[in-house]
Amino acid sequence: MGHWLLLLLCLSLAGQALAAPPRAELLPGASDGDWLLIIEADGQLRGDELSLTPLLRQFAVGRVTLSRVTTEVRSLTRWQIPLHRVASDARQVPTLALGTQWTPSLPLPERNEPQASAGAANGAAPLSPIELQASVLHQGPLYPGQPFLYQLSLWLPANLEAPNLSEPAGNGFTIRRLGDDRWESPASPGMPGRLTRRWLLQAKEPGFHPLESPRFQGRLPQEGGQSEALSARAATQFIKVDKAPVEPVASRLILRQQFSPATGARVGEPVIRTLTLVMEGGDGNRLPRLPQSRLPAGLLARPDGEQQEERFVAKGALRFERQWRQALSAEAPGRYPLPAVDLPWFNTRNGRIEHARLPAQTLIFEAAIPSSEQAPAPAGESLNWVLVALLLRTLWRGGPRWLAFYRLQLALAAGEPDSARWALLAWADLRWTGAHQHLASLPCHGDPAIGALLDNLDRVCFDSSSPANAEVDWRRLAKALCAFDTVAVASGLSMLAWLRH
């Protein structure tokens, strides 16, 4: 029994040793006795796990602000604690109990004016009212083209004038801004606030590359209408980039295909084959073309267009999508087997080579319908039969699409963003052959009269930062969509849907 207790004690001590200790930082406030204590600890912790009792013996504690930060590779809990020194003999911030761990003690720098002047006379650097901290949000090996996040946190006085922040500099990287700056107001008047800005980076080649922090500049108002120029820069980061494998590098890779029509193709009619490759966490520019497989004899293939799109989705993931289209036609009826497609790629999540595969597929082409000669009929009767046949053929082919368009108009009339988006994609799949995953990929998006309306609908559906009262011009969108289907039928269906609603 004693051995088991000893083993459990050792495991417990080892687990505590592996856990990163809490981190603490002390920032100056507006006056000599004011400070802002920042405490960060890894993991999602409760606010009451931090004991503030030792602080109350020496400081007046202001309103405590608790925030949690979660990324793909890290999560932490942060406390912002305003302090005002009330004990004249207070020389440091004491250690505080945080769960089973302890925060470090921090000395209080001397900030009175005579000592500051003496320090300046002796050549000592004065305390800076702005602080910058740079961090790279990535864990594990990094390869050329693999995206990662560079984050810069700035502690700034709320009354700073003419602030300006440059861009990070590094010749070994492709650098793009992410427009989601976040500002955290000061916990109490006179304290600094926090600005967080992020960039998306991709290394160009392997090696050990320096990444220079952006420079922040501004002016701090002083008494008498004067202002003091401020400038600061965080420490330079050195990023190690490993040599990439031969295979494409990504955190996720999907390969799929679609045939239209799926069945019932005849000789002389093309079958459109759409190959779609979706990559996350990789560089689409380094993606090789799909391996060309040998087609069976008698089956011809012609390229039918190619398109690609790249965008940042969330949590540092860069999504790249590319589509290839082929028009396949047969010279004679029969069964034509298409070989399987295999694309090896390197998974950065587990460090292994994986394979994106498309199974073998067999296309069946039927014989073309022979044209038969019929006995001549009276001109009027023949014309009537032709008109009836054309009408039935039009209804047969356009019926499902017009029904989808009518449902789309009902959703637009109801003003329901999610329902309208799904109904729009369902109609687009019937209107334009192929599967459409997002509104930006629709052929009608390029029309200036409707592109902005589709983007506005996307923002209302997905952008949580859009105003709560943001609305879509439903009637204008409904009217504009009529131009992309049979105009007469679409206009009638739109009018019927809006009258019904």
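1. P168 sits in the loop between β12 (161-165) and β13 (173-184), where helices (H or I, at least four residues) and strands (E, at least two) are DSSP runs numbered from the N terminus. The model is a predicted one, in which local features need pLDDT of at least 70 and side-chain atom pairs count only at pLDDT 80 or more, while totals for chains, interfaces and linings use all residues. Residues are numbered from 1 along each chain as its sequence is written, and side-chain values use heavy atoms, with hydrogens and water left out.

2. The surroundings of P168 deserve a look. P168 counts as buried because its relative accessibility is 7%, the classes being buried under 20% relative accessible area, exposed over 50% and partly exposed in between (1.4 Å probe, protein chains only). Leaving aside neighbours within four places in sequence, P168 is in contact with Y150, I175, W199, L211, E212, S213 and P214, a contact meaning heavy atoms within 4.5 Å. For one of these partners, S213, the C-alpha to C-alpha distance from P168 is 5.0 Å, although the two residues are 45 apart in sequence.

3. For the chain as a whole, there are 8 helices and 28 strands, and buried residues make up 38% of the 501 residues. Among contacts between residues at least 6 apart in sequence, 67% join residues at least 24 apart.

4. A162 lies in strand β12 and has a positive phi of about 50° although it is not a glycine. A162 counts as exposed, at 58% relative accessibility.

5. A side-chain pair links two strands: R78 lies in β5 (residues 75-85), and E40 lies in β2 (residues 34-42). The side chains of R78 and E40 are joined by a polar contact of 2.7 Å, that is, a pair of N or O atoms within 3.5 Å of which, within protein, one must be able to donate a hydrogen and the other to accept it, residues adjacent in sequence counting only if both atoms are side-chain atoms. R78 is buried, with a relative accessible area of 5%, and E40 is buried as well, with a relative accessible area of 11%.

6. An open sheet is formed by 3 strands in the order β19-β26-β27, with mixed pairing; two strands pair if DSSP finds at least two bridges between them. Since β19 (249-250) and β27 (352-358) stand at the edges with a single partner strand each, one side of each is left without a neighbour in the sheet. β19 pairs with β26 (residues 341-347) in the parallel sense over 2 bridges, and V249 stands opposite F346 in β26.

7. A search of the whole structure finds 1 cavity of 30 Å³ or more, with a volume of about 30 Å³. On a 1 Å grid over the protein atoms alone, a cavity is a set of points where a 1.4 Å probe fits but cannot get out, and lining residues have an atom within 4 Å of a point; grid points are joined across faces, edges and corners, and the volume is the space filled by probe spheres set on the points. The lining consists of Q258, F259, S260, I272, T274, R325, T433 and G434, with β20 (252-260) and β22 (271-280) as the elements that give two or more residues.

8. Close to this lining in sequence, a cis peptide bond with omega of about 0° joins S260 and P261, and P261 is found in the loop between β20 and β21 (265-266).

How values were computed: 1 Å grid on protein atoms, 1.4 Å probe; cavity = no way out; pocket = protein on both sides within 12 Å on 5 of 7 lines; lining within 4 Å.
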